[in-house]
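Hello,

Here is the structure I promised to pass on to you. Have a look at it first, and then read on for what turned up in it.

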Amino acid sequence: MQYAILSDIHANLEALNAVLDDIDKHATPVHGIICPGDMIGYGPDPDAVIARLCELDNVICTLGNHEEGVLSKKARAWFNSTSRQALDKTIAMLSPASLDFLKTLDDHLVLGDFRFVHGMPPKSLRTYLFECDDTMLHDIFSSYTERICFVGHTHMLEHVELLPDQTLVRRHLKEGIYFIDTISRSIINVGSVGQPRDGNSNAKYILFDIETYRLDIRSVTYDAHKTAEKILAANIPRQYADRLL
């Protein structure tokens, strides 16, 4: 049984549509699509992205820090000045229906032996994986029980593995097929659909088979120039357009 996991879409409709097309073309159908947060923010189409996800009947979304920022004035204080400008633009573009949808989201999701959260487990929306040293990681692994946790937030593909002897192994990931060790525990950062920060503007997401632990990292081309032009036209800070190019 295979799931598509796509994080940090960041209001990039062109990237999202390209990923959904790629999912549809894949030989093995997906049982569901899971988005661990940041559907919105930085990009020009927050309302359209939410509508696109809501029209699908097999999608589960959780909160990201940008959704939290929309819903909570207190949470907005966490954002720096540039990201706050982008967040203010996002808030102005969201319809009442989209706001109502965001209010229904939970801060994490557990499906069997798999956890999904935007930042870091057990349910942080704002903690970055790159902030965590070995001591912090051991404490984090001790704070929840699931074998694999899928996260986003950093926009970088990465795998942290806790071996049975408590050794930690960290590795960056790239497009391709991996098999996750079933006797270890893992935190897997699934990268970003709409605002990747690995020097490659392709939309990144993963396909994960929950029975074989097969991880297929996908990198999908789309019209990033079109999205960048829309960011500039919406008067969203230019750096979010430049990052796509």
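A good place to begin is Asp-22, which sits in helix H1. Please keep in mind that this is a predicted model.

Is Asp-22 buried or exposed? Asp-22 has a relative accessible area of 16%, and because the limit for buried is under 20%, Asp-22 counts as buried. Leaving aside residues up to four places away in sequence, Asp-22 touches Tyr-205, Arg-218 and Val-220.

One of those contacts deserves a second look. The side chains of Asp-22 and Arg-218 form a salt bridge, with 3.0 Å from N to O. Asp-22 belongs to helix H1 and Arg-218 to strand S12 (residues 214-220), so this pair ties together parts that are 196 residues apart in sequence. Unlike its buried partner Asp-22, Arg-218 is partly exposed, with a relative accessible area of 23%.

How many salt bridges does a search of the whole structure find? The search gives 13. Another of them joins the side chains of Lys-230 and Glu-14, at 2.7 Å from N to O. This pair also links distant parts of the chain: Lys-230 is in helix H7 (residues 224-233) and Glu-14 is in helix H1 (residues 13-25), 216 residues apart. Glu-14 is buried at 12% relative accessibility, while Lys-230 is partly exposed at 24%. Both residues also belong to a network of salt bridges that links Glu-14, Asp-45 and Lys-230.

For a salt bridge within a single helix, turn to helix H4 (residues 81-93), where Asp-88 and Arg-84 are 4 residues apart. That spacing separates the two by about one helical turn. In general, an α-helix has 3.6 residues a turn, so residues three or four places apart point the same way. The closest N and O atoms of Asp-88 and Arg-84 are 3.2 Å apart. Here Asp-88 is partly exposed at 37% relative accessibility, and Arg-84 is partly exposed at 31%.

Next comes helix H2 (residues 46-54). Which residues of helix H2 are buried? They include Pro-46, Val-49, Ile-50 and Leu-53. These residues lie on the same side of H2, because they cover an arc of only 95° around the axis. Among the elements that cover the buried residues of H2 are H1, strand S3 (59-61), H4 and helix H5 (96-102). H1 is thus part of this cover, and H1 is also the helix that holds Asp-22.

Finally, the strands. There is an open sheet of 6 strands with mixed pairing, in the order S4-S5-S6-S10-S7-S8. Strand S4 (108-111) and strand S8 (168-172) are the edge strands, and each pairs on one side only. On average, neighbouring strands of this sheet are turned by 15° against each other, direction ignored.

To see one of the pairings in detail, look at strand S5 (residues 114-117) and strand S6 (residues 148-151). These two run parallel and are joined by 3 bridges. Phe-114 has Ile-148 in S6 as its bridge partner.

If you would like a route through the model, start with Asp-22 and its salt bridge to Arg-218, go on to the network of Glu-14, Asp-45 and Lys-230, and end at the open sheet of 6 strands.

Enjoy exploring, and best wishes

Conventions. Residues are numbered from 1 along each chain as its sequence is written. This is a predicted model: local features need pLDDT of at least 70, side-chain atom pairs count only at pLDDT 80 or more; totals for chains, interfaces and linings use all residues. Side-chain values use heavy atoms; hydrogens and water are left out. A salt bridge is a side-chain nitrogen of Lys or Arg within 4 Å of a carboxyl oxygen of Asp or Glu. Buried means under 20% relative accessible area, exposed over 50%, partly exposed in between (1.4 Å probe, protein chains only). Contact means heavy atoms within 4.5 Å. The arc is that of the directions from the helix axis to the C-beta atoms. Two strands pair if DSSP finds at least two bridges between them. Axes are lines fitted to C-alpha atoms, for helices over the stretch in contact, and angles run from 0 to 180 degrees between N-to-C directions.
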